[in-house]
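Subject: Handover of a structure for your study

Dear colleague,

Please find below the structure that I am handing over to you. My notes on what was found in it follow directly after.

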Amino acid sequence: MPLTEPYDDHLPEEEPVAAVDDTGENPRGPGPGADAGDAQVDAGGSAACEPEPVLPEPVRQRIVALTAAALPGLPADEVPVPLRRVAKFAPNRRARLGAPAIAAQLTADPLFRQRITARVLADAGDLGAAVMDGTAPAAADPVEVAALAYLARPRGWRELIEASGAAVRAEADSAVVAELVREAEQRAARAEHDRAVARVEAEKLRDELARVREELGQLREEARQLARALRETQARERKATEMLSTERGRAARAAADADAELRRVRARLAEAESAAGVARAAAKEARSVDDAKLWLLLETIGQAAVGLRRELALDPVEKLPADFVADAFADQSAATPAGAAARARDTDDPARLDQLLALPKAHLVIDGYNVTKRGFGEMSLEQQRKRLITGLGGIAAQTGDEITVVFDGAERIHGLPPTPRGVRVLFSRKGETADELIRRLVRAEPPGRPVVVVSSDREVADGVRRHGAYPLGADSLLRRLARS
């Protein structure tokens, strides 16, 4: 094979030789590094050369690498013109970029090859000497031996190249065989794995078959029991049919008796209606007297309230008790109002919320995070607050009641939605919990005003109940919001 791949250069099939004179000697002389084989060919006066041997790919690459490494060491006048530019390349680029020119020059210029051979053999040391003797050490790299033999061309150099090719092919074959062995081992491992999987699947199928057989036996037993129950049901049905016929006769007789009784009852009903008319007339007259008394009582109470307001000189207020708690925002000790326990109601019935909100001047206080985390805890805190406040705005618009929602927080949290009309939003201060703020709001209300506190916290419920508020669970408000 010509010294062409992988460098795309072309080497002729025959190596040109120097001309010889009539005496059989080369006029230019053998040159440095002339090998014994070339000398014998020149001495014999042979006019033709054998074709270039087929070089394995690793041998071609090694020949170019050795030449590229020795090229800068030649004097400038001994470097062929085509290779003078290549000799200036960097070492890592010389063999890669100058390979075509180097291969062509080695084939076309024996004198250049002899000069390169002299330097390469000097660098090879004992291995070069062994190659010049036509022998290859057993431990030597066959590619290196073939490259040196191609450049030096001692006696039997072609056999050395053929032996190197055989060794390279043997290594390639060994690699292929190793790959085949590895693939066979992998296939065997996969086959063993597949067999293990198949055994496991077979065990599973056997277990499944046993289970199915057991279920089939159970189903057969159930079918026998159902058939027996069906026969018993059919017997009871026949008996019930017979009893139904008997009962129908009795029902017919009872219907006749009922018709007679109905006629008697209608007659008594007519008499009762006549008596009721008389009673209604008497009740109407009595109710007129009661209405007159009630009107007089309400009129008296109204005039008394007007006189009391005039006597106390009370002006209309602009703030409600909860507003004072929100403005003061400090702990205030207040005694439990007299009669506060009288208005406390122990109930968690969600239906009570609508009834309590229907009371005049009701005040609804909500434990904010207690309700939001119970109803929609999967949302962020900001989304929880926004959803609760928006829903409370709808309740305030429907009922007209005062609504206060309390959240835990050392300072006001940004990002709140606009507060709807009728809804007050409070945050507990640092060192104070929302529970304490709720209890202060309840204590600030006057006795007799209905105050509803929504919280599922038992401690909060017990605390506000002692101050006369109506505690309700968070579910009651959540259902009310869902219905809005």
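I begin with one helix. Because Asp462 and Arg465 are three residues apart in helix H15 (residues 458-466), about one helical turn separates them. Their side chains meet in a salt bridge, with 2.9 Å from N to O. Asp462 is partly exposed, at a relative accessible area of 31%, and Arg465 is also partly exposed, at 21%. Please keep in mind throughout that this is a predicted model.

**The chain as a whole**

The protein chain contains 16 helices and five strands. Of its 484 residues, 32% count as buried. The chain exposes about 30,000 Å², and carbon and sulfur atoms supply 56% of that area. If one takes the contacts between residues at least 6 apart in sequence, 66% of them join residues at least 24 apart.

**Salt bridges**

The pair in H15 belongs to a longer list, for the structure holds 20 salt bridges. Another one joins the side chains of Arg480 and Asp354, at 3.0 Å from N to O. Arg480 lies in helix H16 (residues 474-483) and Asp354 in helix H11 (residues 352-357), so this salt bridge ties together parts that are 126 residues apart in sequence. The two partners may also be viewed in terms of exposure. Arg480 is buried, with a relative accessible area of 8%, whereas Asp354 is partly exposed, with 32%.

A further salt bridge is formed by Glu192 and Arg199, whose closest N and O atoms are 4.0 Å apart. Glu192 is partly exposed at a relative accessible area of 37%, and Arg199 is partly exposed at 48%. Salt bridges can also join into a network, as they do for Glu402, Arg424, Glu445 and Arg449.

**Nonpolar cores**

Which residues have the most contacts inside the largest nonpolar core? They are Ile63, Leu71, Leu83, Phe112, Val120, Tyr150 and Leu151, in a core of 32 residues. Several helices supply at least two residues each to this core: helix H2 (57-70), helix H3 (81-87), helix H5 (99-108), helix H6 (110-124), helix H8 (142-152) and helix H9 (157-312). The largest share, eight residues, comes from H8.

Leu83 may serve as an example of how such a residue is surrounded. When its neighbours within four places in sequence are left aside, Leu83 is in contact with Leu71, Ala101, Ile102, Gln105 and Phe112. There is also a second, separate core of 27 residues, which includes Ala396, Phe407, Val425 and Leu481.

**Aromatic rings**

The structure holds three aromatic pairs. One of them is formed by Tyr150 and Trp157 in an edge-to-face arrangement, with 6.3 Å from centre to centre and 70 degrees between the planes. Both of these residues, Tyr150 and Trp157, are buried. Tyr150 has a charged partner as well: the charged end of Arg153 sits over its ring, 4.6 Å from the centre.

Elsewhere, ring pairs link Tyr369, Phe407 and Phe427 into a cluster. Phe407 was named above as a member of the second core. In this cluster, the ring of Tyr369 has the charged end of Lys373 sitting over it, 5.6 Å from the ring centre.

**Two loop residues**

Is Gly468 buried or exposed? With a relative accessibility of 0%, Gly468 counts as buried. This glycine is found in the loop between H15 and strand S5 (470-472). Its C-alpha atom is separated by 8.5 Å from that of Pro450, a residue 18 places away along the chain.

Lys361 lies in another loop, the one between H11 and strand S1 (363-367). In contrast to the buried Gly468, Lys361 counts as exposed, at 67% relative accessibility. Its phi is near 55 degrees, a positive value in a residue other than glycine. As background, most residues other than glycine have a negative phi.

When you open the structure, I suggest starting with the salt bridge between Asp462 and Arg465, and then turning to the one between Arg480 and Asp354.

With kind regards

Note on methods:
Residues numbered from 1 in each chain as written. Predicted model: local features only at pLDDT ≥ 70, side-chain atom pairs only at ≥ 80, totals over all residues. Heavy atoms only, no water. Phe/Tyr/Trp six-rings, centres within 6.5 Å; stacked < 30°, edge-to-face > 60°. Buried < 20%, exposed > 50% of the residue type's maximum accessible area, 1.4 Å probe, protein only. Lys NZ or Arg CZ within 6 Å of the ring centre and 35° of its normal. Helix = DSSP H or I, 4+ residues; strand = E, 2+ residues; numbered from the N terminus. Contact = heavy atoms within 4.5 Å. Areas by Shrake-Rupley, 256 points an atom, 1.4 Å probe, with all protein chains shown as cover. Core = buried A, V, L, I, M, F, W, Y, C linked by side-chain atoms within 4.5 Å.
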